[in-house]
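User: I am new to reading protein models and would like to work through one slowly, with the reasoning spelled out. Could we begin with the structure in view?

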Amino acid sequence: MRFYTGFPNYEVFSIVLSFLGRDAASKLVYSNTEQKREKAGPKRTLSVGEEFFLVLCHFKVGLLEEDLAARFRISQSLVSRIIVTWTKFMYYRLEEYNHKVECCFHLLKSCLAAVWVGRTEIRKNYRTSHC
């Protein structure tokens with residue numbers, strides 16, 4: 001698992017997939033164009049986990065699309081669409097989490113600043129009242 005994905009074991013792989021959103025990933029539609037299609041296309045050949053594994057193999061190990069197509073027994077064009085779609089999906093999901101983390105960090109920073117000011121005021125008042 002580590003060689004192909006960089007993850008130490010299947011449990012970590014599964015946690016990361018859940019973090020990205022297994023349900024959202026199961027609704028991905030692969031197409032060569034940006035236009036919306038009325039039909040979602042053929043039924044999925046690979047599971048969400050297999051698709052994620054395929055993409056990680058491509059990026060971590062550098063396996064070529066032709067090689068991945070042979071290993072997963074799908075067409076090279078489908079491999080290409082899976083890689084492009086998952087790359088966009090992961091980018092937007094991680095960007096979304098990054099934004100949430102930044103917002104939480106700024107909120108936490110504001111709260112800590114308020115606590116620090118309050119602490120300073122309490123100490124200042126404590127020193128003056130006990131002297």
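## A buried glutamate and its partner

Analyst: In this predicted model, glutamate 51 has a relative accessibility of 2%, and because buried means under 20%, glutamate 51 counts as buried.

User: Which side chain meets that of glutamate 51 in a salt bridge?

Analyst: Side chains of opposite charge can pair when their charged atoms come close. For glutamate 51 the distance is 2.9 Å, taken from N to O. The partner has 27% relative accessibility and so counts as partly exposed, and this partner of glutamate 51 is arginine 44.

User: How many salt bridges does the count come to, and what is the other pair?

Analyst: The count comes to two salt bridges. Besides the pair of arginine 44 and glutamate 51, there is a salt bridge within helix 5, where the two partners are four residues apart and therefore separated by about one helical turn. Both partners are partly exposed, one at 27% relative accessibility and the other with a relative accessible area of 46%. Their closest N and O atoms are 3.0 Å apart, and the pair is aspartate 67 and arginine 71.

User: Which residues of helix 5 are buried, and within what arc do they fall?

Analyst: An α-helix has 3.6 residues a turn, so residues three or four places apart point the same way. In helix 5 the buried residues are Glu65, Leu68, Ala69 and Phe72. Seen down the axis of helix 5, these buried residues line one face of the helix, because they fall within an arc of 105°.

User: Which residues are exposed on the other side of helix 5, and which residue with a positive phi follows the helix?

Analyst: On the other side from the buried face, Glu66 and Ala70 are exposed. Helix 5 is then followed by a residue whose phi is positive, near 55°, and that residue is arginine 73.

User: Which helix gives the largest share of the largest nonpolar core?

Analyst: In soluble globular proteins, nonpolar side chains tend to be buried together. Here the largest nonpolar core has 26 residues, and those touching the most other members are Phe52, Leu54, Leu68, Ile74, Ile82 and Trp86. Two or more residues of this core come from each of helix 2 (10–20), helix 4 (48–60), helix 5 (65–72) and helix 6 (76–130). The largest share, seven residues, comes from helix 6.

User: Leaving aside neighbours within four places in sequence, what is phenylalanine 52 in contact with?

Analyst: Phenylalanine 52 is one of the core residues that touch the most other members. Once its neighbours within four places in sequence are left aside, the residues in contact with phenylalanine 52 are Phe7, Phe13, Val16, Leu17, Leu20, Trp86 and Met90.

User: Is serine 14 buried or exposed, and which side chain does it make a polar contact with?

Analyst: Serine 14 lies in helix 2. Its relative accessible area is 19%, and because the cut-off for buried is under 20%, serine 14 is buried. Its side chain makes a polar contact of 3.2 Å with the side chain of arginine 22.

User: How many helices and strands does the protein chain have, and what percentage of its residues is buried?

Analyst: From the N terminus on, the elements run α-α-α-α-α-α, which corresponds to six helices and zero strands. The chain exposes about 9,700 Å², of which carbon and sulfur atoms supply 61%. Of the 131 residues in the protein chain, the buried ones make up 26%.

How values were computed:
Residues numbered from 1 in each chain as written. Predicted model: local features only at pLDDT ≥ 70, side-chain atom pairs only at ≥ 80, totals over all residues. Heavy atoms only, no water. Core = buried A, V, L, I, M, F, W, Y, C linked by side-chain atoms within 4.5 Å. Buried < 20%, exposed > 50% of the residue type's maximum accessible area, 1.4 Å probe, protein only. Contact = heavy atoms within 4.5 Å. Arc of directions from axis to C-beta. Polar contact = N/O pair within 3.5 Å; in protein donor to acceptor, adjacent residues only side chain to side chain. Salt bridge = Lys/Arg side-chain N within 4 Å of Asp/Glu carboxyl O. Areas by Shrake-Rupley, 256 points an atom, 1.4 Å probe, with all protein chains shown as cover.
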